[in-house]
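Open the model in a viewer and keep the sequence panel visible. The stops below are given in the order in which to select them.

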Amino acid sequence: MEIAEIEHDLRSFIKYLRRHNLPFIYNHPFWFEFHSEPNPSSVPRLAKLFPVLEYNMHELKQKNELTIALAEKLGKGIAATTDTHTGRIGKVYTLAKGDNFNEFFKNVAQGKSYIVPEDLTRELLIDEMNTWIDLIFEKKPEKQGRRKLPYRDKISGHYGQNF
């Protein structure tokens, strides 16, 4: 919010991020608000401003294919993400070398990375919606704060808690 108060438009905001060497990504390149008039021709112009484009598991496969093609055409990095809000993380991820996050992100931005994607299917969407319904109508009241959800790291196979 502090940055937004200083930088009032997208271009100056991005200049601020670059000037301070902060990582940023173009999320949902081909997603448009439900009741808005889509303008797909604006996506390539906007994508030129970002170092990395998002491959989102909760988007349709066709949109993700367009995102990959656009990233390749513009020489942009691509990162695989998910919009899950139910704690079911680790189904998609991005692999890149780096001893710290800045090195990792630099390699992603330079296209020196691999994505491990999974596309949205009817079954995944139903599972996500059922999890939301279970969370909303759970009978046990939780303590104050966020609910701990179990997760499994697909690379190491270890289990843990997501806060």
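The tour goes from the whole chain to a pair of strands, then to single residues and a surface patch.

This is a predicted model, in which local features need pLDDT of at least 70 and side-chain atom pairs count only at pLDDT 80 or more, while totals for chains, interfaces and linings use all residues. Residues are numbered from 1 along each chain as its sequence is written, and side-chain values use heavy atoms, with hydrogens and water left out.

**Whole chain**

Start with the cartoon, coloured by secondary structure. The chain has 6 helices and 6 strands; helices (H or I, at least four residues) and strands (E, at least two) are DSSP runs, numbered from the N terminus. Read from the N terminus, the order of elements is α-α-α-β-α-β-β-α-β-α-β-β.

Next, show the surface. The accessible surface amounts to about 11,900 Å², with 56% of that belonging to carbon and sulfur atoms; accessible areas come from the Shrake-Rupley method with a 1.4 Å probe, and for residues only the protein chains shown count as cover. Of the 163 residues, 28% are buried. Buried means under 20% relative accessible area, exposed means over 50%, and partly exposed lies in between (1.4 Å probe, protein chains only).

Contacts can be displayed at this stage too, where contact means heavy atoms within 4.5 Å. Among contacts with a separation of 6 or more, 60% are between residues 24 or more positions apart.

**Strands β1 and β2**

Select residues 52–56, which form strand β1. Is this strand enclosed or open? It is largely enclosed by the rest of the structure, because 5 of its 5 residues are buried. In a regular strand the side chains alternate between the two faces of the sheet. Here V52, E54 and N56 are on one side and L53 and Y55 on the other, and all are buried, so both faces of β1 are covered.

Add residues 77–81, strand β2, which runs parallel to β1 and is joined to β1 by 5 bridges. Two strands pair if DSSP finds at least two bridges between them. To find the register, label V52 and its bridge partner G77 in β2, then L53 and its partner I78. β2 is mostly covered, with 4 of its 5 residues buried.

Now add helix α4, residues 61–74: together with β1 and β2 it makes a right-handed β-α-β unit. A crossover is right-handed if, with the strands pointing away from the viewer, the path from the first strand over the helix to the second runs clockwise.

**T81, S113 and P117**

Stay in β2 and pick T81. T81 is partly exposed, as its relative accessible area is 21%. Leaving out neighbours within four places in sequence, T81 is in contact with E54, Y55, N56, M57 and V92. Draw a C-alpha distance from T81 to H58: the two are 23 residues apart in sequence and 8.5 Å apart in space.

Move to S113 in strand β4, residues 113–116. Which side of the burial cut-off does S113 fall on? S113 counts as buried, because its relative accessibility is 16%. Not counting residues up to four places away in sequence, S113 touches I78, T94, L95, A96, N107 and V108.

P117 comes next, in the loop between β4 and α6. P117 is partly exposed at 39% relative accessible area. Beyond its neighbours within four places in sequence, P117 has contacts with Y55 and V92. From P117 to M57 the C-alpha distance is 6.7 Å, across 60 residues of sequence.

**Loop between α2 and α3**

Select the loop between α2 (10–19) and α3 (42–47), and in it N21. N21 is not a glycine, yet has a positive phi of about 55 degrees. With 61% relative accessibility, N21 counts as exposed. H28 is found in the loop between α2 and α3 as well. H28 also has a positive phi, near 50 degrees, in a residue other than glycine. H28 is partly exposed, at 23% relative accessible area.

**Patch with helix α6**

Finish with L125, M129, W132, I133, I136 and F137, which make a nonpolar surface patch of about 620 Å². Patches are made of residues with over 30% relative accessible area and no salt bridge; like charges are joined within 9 Å and nonpolar side chains (Val, Leu, Ile, Met, Phe, Trp, Tyr) within 5 Å. A salt bridge is a side-chain nitrogen of Lys or Arg within 4 Å of a carboxyl oxygen of Asp or Glu. I133 lies in helix α6, residues 122–136, and counts as partly exposed at 45% relative accessibility.
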